[in-house]
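Hi everyone, thanks for making time. I'd like to walk you through a structure that is probably new to most of you, so let's get it up on the screen.

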Amino acid sequence: MRTALPLAAGLVALLINACSQTDTPNDTAPAAIRPDELAIFAPLPEVIRSTTNPVTTAKIDLGRRLYYETLLSSDHRISCNSCHVLAAYGADGRRLSPGDRGHLSERNTPTVYNAAGNVAQTWDGRAGTVEEQALGPILNPTEMAMADSSEVVAHLRADPTYVASFRSAFPGVTKPVTFTNVGLAIGAFERGLVVPSRWDSFLQGDTTALTTQEREGFIVFLRSGCASCHYGMLIGGSSFQKVGVARPWPAAESDSGRFALTRELQDVMVFKVPSLRNVTMTPPYFHDGSVRELDQAVQRMARYQLGRELASEQLAAIVAWLDALTGEIPIAYIAYPPLPSR
């Protein structure tokens, strides 16, 4: 699962030009990035679309409302936003997230921003799409802990406002309030949680989008081997890989990774490679949330995956480039919706 994502048409030519020009007046000479080194990356689209779940305004509006809806949890206190906090780059900053009745999640909560572009959802890939993933926590006994899908549907059908919203989102359907449609609506909303950054501007030909240090950081990142896993539109999220390739991963016995799902020995300590977009804003890091400082996380990956130690200057440059992957939160899109009065 290492298929490269192609550049947009004409991007190579733009980057040849970008790498040959000077930086902004206050910068030194730009780091030289070869166009072919960018061929496995691509800018974000405006919306990450699905052929099986067309995005409509009515579906997005319903999905946004359901995303913030605590009615979907057994104690009516927890919503999707409780752990995937949209105003905090789609995560909650905790090592493990508290769910219904205070139970803690088994793994660190990944960001929901840009998540629709992942090859699969969750650390072990148990959900294939954001539509499927949206339904999992609702019935998970340690998360939102609803008894079953029938209970969820009963709550929503008892609310006339929701019934009307489902009819608008799924026109022509006799009984639109279904558990499946809950996932489709939330998924449609999440497909618009796309956060482009200065990196996207650079890929699209803006020669001033990255500083010299950021360009140097990208070169170190790429030529050190990091891009063998972190590539594509999301700079990650495109494959499953084993952690602890060069050296045994610390505390490996505490989580067997994808093996717990597949029961195949080849999946021991295999996890989905996380996207590095907005990574500066979403500590702590790794499936167990064991590292809070980004430079330490980068050094750990170099040590245990690549078998090398990065110099302090290399670390600083990589972290600087990673900060260029931070986009602006779409305040209007995530605005807290009016929930039905009850």
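**A walk through the model**

Let's start with glutamine 121, which sits in the loop between α3 and α4. Before we go on, please keep in mind that this is a predicted model. So, is glutamine 121 buried or exposed? It's buried, because its relative accessible area is 6%, and the cut-off for buried is under 20%. Setting aside residues up to four places away in sequence, glutamine 121 touches Ala115, Ala116, Arg126, Ala127, Gly128, Thr129, Val130, Gln133 and Lys272. If you go from glutamine 121 to glutamate 131, you move 10 residues in sequence and 9.7 Å in space, C-alpha to C-alpha.

Stay in that loop for a moment. Glycine 125 is also between α3 and α4, and with 17% relative accessible area it counts as buried. Which residues does glycine 125 touch, once those up to four places away in sequence are left out? They're Ala120, Phe240, Arg258 and Leu261. Take a look at arginine 258 in particular: along the chain it is 133 residues from glycine 125, yet their C-alpha atoms are separated by 7.6 Å.

One more from this loop. Asparagine 114 lies between α3 and α4 as well, and at 2% relative accessibility it is buried. Its phi is positive, about 65°, even though it isn't a glycine. Beyond its neighbours within four places in sequence, asparagine 114 is in contact with Leu44, Ile48, Leu193, Val194, Val195, Leu234, Arg277 and Asn278.

Okay, next loop: the one between β2 and α11. Proline 284 is located there, and the peptide bond leading from proline 283 into proline 284 is cis, with omega near 0°. Phenylalanine 286 is in the loop between β2 and α11 too, and here again we have a positive phi, near 80°, in a residue other than glycine. Phenylalanine 286 counts as buried, at 13% relative accessibility. Then there's histidine 287, in the loop between β2 and α11, which is buried with a relative accessible area of 5%. What is histidine 287 in contact with, leaving aside neighbours within four places in sequence? The list is Arg107, Asn108, Trp123, Trp249, Asp255 and Phe271.

That loop leads us into α11. This helix has 13 residues and reaches 17 Å from first C-alpha to last, close to the 18 Å expected at 1.5 Å a residue. Its buried residues are Leu294, Ala297, Val298, Gln299, Arg300, Ala302, Tyr304 and Gln305. Among the things covering them are β1 and α12. After α11 comes glycine 307, with a positive phi near 70°.

Now for another helix, α7. Its 12 residues should span 16 Å, and the end C-alpha atoms are 17 Å apart, which agrees. What I'd point out is that 10 of those 12 residues are buried, so α7 is largely enclosed by the rest of the structure. The buried ones include Phe179, Asn181, Val182 and Phe189. What do the buried residues of α7 pack against? That would be α2, α3, α4, α5 and α6.

Let's look at a pair of helices. The axes of α9 and α12 come within 7 Å and cross at roughly 105°, which means α9 is roughly perpendicular to α12. On the α9 side, the residues that meet α12 include Phe218 and Phe221, and on the α12 side they include Ile318 and Trp321. By class, this contact has 8 nonpolar, 3 polar and 2 charged residues.

Some of those names come back in the largest nonpolar core. It has 38 residues, and the members touching the most others are Phe41, Trp199, Phe218, Phe221, Ile235, Trp321 and Leu322. Which elements give two or more residues to this core? They are α8, α9, α11 and α12. For a view from one member, try isoleucine 235: among its contacts, not counting residues up to four places away in sequence, are Phe41, Trp199, Phe221 and Trp321. There's also a second, separate core of 37 residues, which includes Leu62, Phe166, Val177 and Val182. And Val182, you may remember, is one of the buried residues of α7.

That's the tour. Happy to rotate the view if anyone wants to look again.

Terms used:
Residues numbered from 1 in each chain as written. Predicted model: local features only at pLDDT ≥ 70, side-chain atom pairs only at ≥ 80, totals over all residues. Heavy atoms only, no water. Core = buried A, V, L, I, M, F, W, Y, C linked by side-chain atoms within 4.5 Å. Buried < 20%, exposed > 50% of the residue type's maximum accessible area, 1.4 Å probe, protein only. Helix = DSSP H or I, 4+ residues; strand = E, 2+ residues; numbered from the N terminus. Contact = heavy atoms within 4.5 Å. Expected span 1.5 Å × (residues − 1). Axes fitted to C-alpha atoms, helices over the stretch in contact; angles between N-to-C directions. Parallel < 35°, antiparallel > 145°, perpendicular 65-115°, else oblique. Nonpolar A, V, L, I, M, F, W, Y, C, P; charged D, E, K, R; others polar.
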